[in-house]
Every structure is written in structure tokens, then in C-alpha cells.
Amino acid sequence: MIEEAAMNDAMFDLLIKALVDGDQAEAASETAKLLKAGVERKRIITRGIEAAMARLDAKCTLEQFNLLEIMLCGRAVMGVLKELYPPEAPAPETKGTVVLATLEGDVHDLGKNIFKMILTAKGYRVVDCGKDCPLERLIDTALKEAALVVGVSGLITTILPLVCRVRSEMIERGLGSIKVLAGGAALKQATPAALNVDHVAQTAFDGLHFVEKIAGAGP
């Protein structure tokens with residue numbers, strides 16, 4: 001039993017390293033080995049994926065990271081999740097639904113896509129409305145999907161007036177209980193009050209921490 005636990009620990013270490021390194025093929029391979037060894041999917045997520053994300057989070061806090069590093073890790077995480085939950089497998093339980101969009105007039109979505117990968121890795125269901133998204137479509141989606149949080153991303157300042165309208169128009173539709181999160185280069189210079197949102201994320205992990213608090217899954 002002790003030898004089996006030590007073997008599993010070693011495999012988890014290899015999985016975490018592969019994820020942090022952004023090696024999707026190696027991460028998927030180590031996941032397959034863990035499954036073959038009888039390790040539960042949930043444990044692979046908590047002991048492997050979440051441990052890797054915590055390491056990236058720490059690097060992000062210390063500003064010892066780059067966007068490419070996070071993107072590669074995110075893709076590796078997606079590879080692991082596909083290994084854990086192939087199309088024929090039951091979908092995993094989620095902590096809640098987050099609806100994301102880059103609003104109309106802005107066609108940049110790199111930051112949004114990174115945030116989407118991080119949220120998915122942490123167990124959230126993400127509905128992505130894409131880039132250049134009309135405000136009405138974003139709100140329709142939030143209503144349809146029973147969103148916990150709506151996240152808007154922006155890289156250019158011309159969308160600031162549109163961001164400011166998100167909460168008021170959601171209230172008009174009876175969606176005032178849904179929290180609004182903003183992020184991206186053009187938005188993180190402003191305060192939540194100035195943008196009429198609940199939180200302005202300085203980084204993708206800062207946004208994750210906000211969502212975790214709303215979901216009751218974080219400190």
C-alpha cells in the first residue's frame with residue numbers, strides 16, 4: 001500500500017510538471033497512467049490540475065510568468081480533461097456557470113481565452129460568447145445559462161461606455177443578482193465604480209479568485 005501511494009505521488013509529480021511545462025501530450029499520458037492505476041478522476045483534478053494551477057497562480061502573484069506560459073498550461077489542462085472525460089463519459093459536476101465575452105467593437109480575445117481555460121480547469125462551466133459580442137446577446141446568454149458571473153474583456157478603450165451599460169441593462173432584465181467582472185488592458189486601469197461592475201481583475205487569476213468567492217469555493 002505504501003509503495004502504491006509512493007508510485008501515485010511520483011505520477012502526480014510528473015503530471016504537475018507536464019502541466020506547468022505546457023506539455024499536453026505528456027500530461028495526457030500521465031493522466032492515462034493514473035486512470036489505469038485506479039486513481040479517481042476527481043482526485044486527478046484536485047491533486048494534479050489544481051496543484052499545477054496553484055503553482056501558476058503563485059508565479060502570477062510574483063509576476064514571474066508570461067501569457068504564453070499560461071496559455072500552454074491551459075491547453076495541457078484541456079488535454080487532461082479530454083482524457084478524463086471523453087465524449088462518451090458523463091460530464092463532471094461544475095461549481096457554476098460563467099458567461100464570458102469581448103464586447104462589440106473589440107476583436108481581441110487572447111485574455112478572455114486564457115481566463116476561460118483557467119476557469120474550466122478549476123471546475124467551472126464556461127459559456128463563451130466570443131469576441132465583438134453585442135451586449136444584447138451577452139445578456140440573453142446570461143439569462144439562458146443561469147450565469148453565476150458575467151465576465152467582459154476589453155483591450156481597447158472605445159468599449160468602455162458599453163461595459164458601463166452591462167449592469168444596468170442586466171438589472172432591467174431582472175438579472176441584478178448576477179455579478180459582473182471586467183478585465184483586460186483597457187479595463188483594469190479603471191475602478192469598479194467607474195465601470196459599474198462588481199470587480200476589475202488585474203490578472204486572470206485575480207478574476208478566478210473573485211469567481212471562487214462568489215461561488216463559495218474560495219477564501
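In this predicted model, Asp132 is placed in the loop that runs between strand S2 (125-128) and helix H6. Although Asp132 is not a glycine, its phi is positive, at about 55°. Most residues other than glycine have a negative phi. With a relative accessible area of 35%, Asp132 is partly exposed, because that value falls between the 20% below which a residue counts as buried and the 50% above which a residue counts as exposed. A positive phi is also found at Asn196, again a residue that is not a glycine, where the angle is about 60°. Asn196 belongs to the loop between helix H8 (192-195) and strand S5 (199-201), and its relative accessibility of 28% makes it partly exposed.

A further loop, the one between helix H6 (135-144) and strand S3 (149-153), holds Glu145. Glu145 counts as buried, since its relative accessibility is 18% and the cut-off for burial is under 20%. The side chain of Glu145 is joined to that of Arg125 by a polar contact of 2.5 Å. When neighbours within four places in sequence are left aside, the residues in contact with Glu145 are Thr97, Val99, Arg125 and Val127.

The chain as a whole contains 9 helices and 5 strands, and these elements follow one another along the sequence in the pattern α-α-α-α-β-α-β-α-β-α-β-α-β-α. The radius of gyration is 18 Å, close to the 17 Å that the globule rule gives for 219 residues, and the chain is therefore as compact as a globular protein of that length. Along its principal axes, the C-alpha trace spans about 60 × 35 × 30 Å. Of the 219 residues, 44% count as buried. Among the contacts with a separation of 6 or more, 73% are made by residues that lie 24 or more positions apart.

The largest nonpolar core of the chain is made up of 41 residues, and those with the most contacts inside it are Leu15, Leu19, Ile49, Met53, Val77, Leu119 and Val211. At least two residues of this core are supplied by each of helix H1 (2-21), helix H2 (24-36), H3, helix H4 (67-84), strand S1 (97-102), helix H5 (110-121) and helix H9 (204-215). The largest share, 8 residues, is that of H4. The surroundings of one of these core residues can be followed in detail: apart from residues up to four places away in sequence, Leu119 touches Val98, Leu100, Tyr124, Val126, Leu208 and Val211. A second core, separate from this one, has 26 residues, including Val99, Cys129, Leu135 and Leu138.

Helix H2 shows how buried and exposed residues are arranged around a single helix. H2 consists of 13 residues and reaches 18 Å from its first C-alpha to its last, which is close to the 18 Å expected at 1.5 Å a residue. Its buried residues are Ala27, Ala28, Glu30, Thr31 and Leu34. Around the axis these residues cover an arc of only 165°, and they are therefore on the same side of H2. The exposed residues Ala25 and Lys36 are carried by the face of H2 that is turned away from the buried side. After H2 comes Gly38, whose phi is positive, near 90°.

Two residues of neighbouring interest were examined in the helices H1 and H3. Leu14 has its place in helix H1 and, at a relative accessible area of 43%, is partly exposed. The C-alpha atom of Leu14 is separated by 10.0 Å from that of Ser29, which is 15 residues apart from it along the chain. Arg55, in turn, is found in helix H3 (residues 41-61) and also counts as partly exposed, with a relative accessibility of 47%. If residues up to four places away in sequence are not counted, Arg55 touches Ile16 and Val20, and both of these numbers fall within the range of helix H1 (2-21). Between the C-alpha atoms of Arg55 and Lys116, which are 61 residues apart along the chain, the separation is 18 Å.

Terms used: Residues numbered from 1 in each chain as written. Predicted model: local features only at pLDDT ≥ 70, side-chain atom pairs only at ≥ 80, totals over all residues. Heavy atoms only, no water. Helix = DSSP H or I, 4+ residues; strand = E, 2+ residues; numbered from the N terminus. Buried < 20%, exposed > 50% of the residue type's maximum accessible area, 1.4 Å probe, protein only. Contact = heavy atoms within 4.5 Å. Core = buried A, V, L, I, M, F, W, Y, C linked by side-chain atoms within 4.5 Å. Expected span 1.5 Å × (residues − 1). Arc of directions from axis to C-beta. Polar contact = N/O pair within 3.5 Å; in protein donor to acceptor, adjacent residues only side chain to side chain. Rg over C-alpha atoms; globule rule 2.2 N^0.38 Å.
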